[in-house]
Amino acid sequence: MGKGGGCIASKNKISKSSNKYENSAKLSTNVNPSPSKNLKVFIVFYSMYGHVESLAKMMKKGIETVDGVEGVLYRVPETLSKNVLVQMQAPPKDDSLPEISSPSELADADGFLFGFPTRFGCMAAQMKAFFDSTGLLWKEQKLAGKPAGFFVSTGSQGGGQETTAWTAITQLAHHGMLFVPIGYTFGAGMFNMDSVQGGSPYGAGVFAGDGSRNATDTELALAEHQGKYMAALVKKLVCG
């Protein structure tokens, strides 16, 4: 959980707009939460073999190093049948990690980190199906102005560490969300050529190989860094 240190509520009142052409779908101006409220970064992910999940847990760890910010883990619903998952040798899901019950829950978050494996250079269908279910949020622009980042898993070094995130940006654009890449803020670790490692300026990443390769210490550290980076940015955007 977060450690307190939430924003101090502003005493300034926002006057009502007199613009008669203002769209009915309005960007929320309630950016000053009560002093006792922890800001929330939702970590919403799909993981078939556990690689993305391992990064997601490190994201949460990084987020909660920032006072007043809480990381909340959510799985997206599985779309494949149990028989297909067995044939793909997918391990059972961790029941301690909740499945997001409705897309409407996203409106409660102050920021997001979305994680997913690649399928031919794009996000997995399970995550795309979840984004496809956010139509009402899109219609009302409930997520507009909220920051979001991506983290990914690919099977090989040329499997789409960058394109998987790159092609996902369209989802954020239609919602009016702010894409937050990590750039090279991780420092020297992103320039290490001594070992194979996932991740890019777009976000943290892990190479899964045939499914048996686990995330390395560097890949996990980059995920933790991204969580901390996003939490600090969310706090700055919301609290000023």
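## Exercises on a predicted α/β model

In β4, Cys122 is the bridge partner of Arg119. We will come back to that pair in Exercise 3. Please keep in mind throughout that this is a predicted model.

**Exercise 1. Work out how many helices and strands the protein has, and in which pattern they follow one another.**

Step 1. Start with the count: the protein has 7 helices and 7 strands.

Step 2. Now read along the sequence, which gives β-α-β-α-β-β-α-α-β-α-α-β-β-α.

Step 3. Add the contacts. Taking those between residues at least 6 apart in sequence, 77% join residues at least 24 apart.

Step 4. Finish with burial and surface. Of the 240 residues, 44% are buried. The protein exposes about 12,600 Å², and carbon and sulfur atoms supply 56% of that area.

**Exercise 2. Explain why strand β2 is largely enclosed by the rest of the structure.**

Step 1. Find the strand at residues 69-75 and check each residue against the cut-off for burial, which is under 20% relative accessible area. The tally is 7 of 7 buried, so β2 is largely enclosed by the rest of the structure.

Step 2. Separate the two faces. One side carries Val69, Gly71, Leu73 and Arg75, the other Glu70, Val72 and Tyr74, and both faces are covered.

Step 3. Look for a pairing partner. Strand β1 (residues 39-45) runs parallel to β2 and is joined to it by 7 bridges. Within this pairing, Ile43 has Leu73 as its bridge partner in β2.

**Exercise 3. Starting from Ile43, trace the strand pairings through β3, and say which are parallel and which antiparallel.**

Step 1. Step from β1 to β3: these strands pair in the parallel sense over 5 bridges. Here Ile43 stands opposite Leu113.

Step 2. Check how covered β3 is. Spanning residues 111-119, this strand has 8 of its 9 residues buried.

Step 3. Move on to β5 (residues 147-154), which pairs with β3 in the parallel sense over 6 bridges. Leu113 has Gly149 as its bridge partner in β5.

Step 4. Turn to β4 (residues 122-123). Its pairing with β3 is antiparallel, over 2 bridges, and includes the Arg119 and Cys122 pair from the opening. β3 and β4 form a hairpin with 2 residues between them.

**Exercise 4. Which of Lys40, Lys146 and Glu53 are buried, and which residues do they touch?**

Step 1. Take Lys40, in strand β1. Its relative accessible area is 32%, so Lys40 is partly exposed. Leaving out residues up to four places away in sequence, Lys40 touches Glu70, Val72, Ala109, Asp110 and Gly111. Lys40 and Gly71 are 31 residues apart in sequence, yet their C-alpha atoms are 5.9 Å apart.

Step 2. Take Lys146, in the loop between α4 (135-140) and β5. Lys146 counts as buried because its relative accessibility is 15%. With the same sequence neighbours left out, the residues that Lys146 touches include Leu106, Asp108, Asp110, Phe112 and Met177. Val180 is 34 residues from Lys146 in sequence and 10.0 Å away in space, C-alpha to C-alpha.

Step 3. Take Glu53, in helix α1 (residues 51-63). At a relative accessible area of 12%, Glu53 is buried. Not counting residues up to four places away in sequence, Glu53 touches Phe45, Ser47, Arg75, Asp94 and Leu97.

**Exercise 5. Gln89 and Phe120 have a positive phi: find where they lie, and decide whether they are buried or exposed.**

Step 1. Recall the background: most residues other than glycine have a negative phi.

Step 2. Consider Gln89, whose phi is about 60 degrees although it is not a glycine. Gln89 is found in the loop between α2 (82-87) and β3. At 67% relative accessibility, Gln89 counts as exposed.

Step 3. Consider Phe120, which also is not a glycine and has a positive phi of about 60 degrees. Phe120 sits in the loop between β3 and β4, in the turn of the hairpin. Its relative accessible area is 87%, so Phe120 is exposed.

**Exercise 6. Describe the second largest pocket by volume and by lining.**

Step 1. Begin with the volume: the second largest pocket holds about 370 Å³ of space.

Step 2. Go to its lining of 21 residues, where Met190, Gln197, Gly198, Gly199 and Phe207 are the closest to the pocket centre.

Step 3. Sort the lining by class. This gives 9 nonpolar, 11 polar and 1 charged residues.

Note on methods:
Residues numbered from 1 in each chain as written. Predicted model: local features only at pLDDT ≥ 70, side-chain atom pairs only at ≥ 80, totals over all residues. Heavy atoms only, no water. 1 Å grid on protein atoms, 1.4 Å probe; cavity = no way out; pocket = protein on both sides within 12 Å on 5 of 7 lines; lining within 4 Å. Points joined across faces, edges and corners; volume = space filled by probe spheres on them. Nonpolar A, V, L, I, M, F, W, Y, C, P; charged D, E, K, R; others polar. Helix = DSSP H or I, 4+ residues; strand = E, 2+ residues; numbered from the N terminus. Buried < 20%, exposed > 50% of the residue type's maximum accessible area, 1.4 Å probe, protein only. Contact = heavy atoms within 4.5 Å. Areas by Shrake-Rupley, 256 points an atom, 1.4 Å probe, with all protein chains shown as cover. Pairing = 2+ DSSP bridges.
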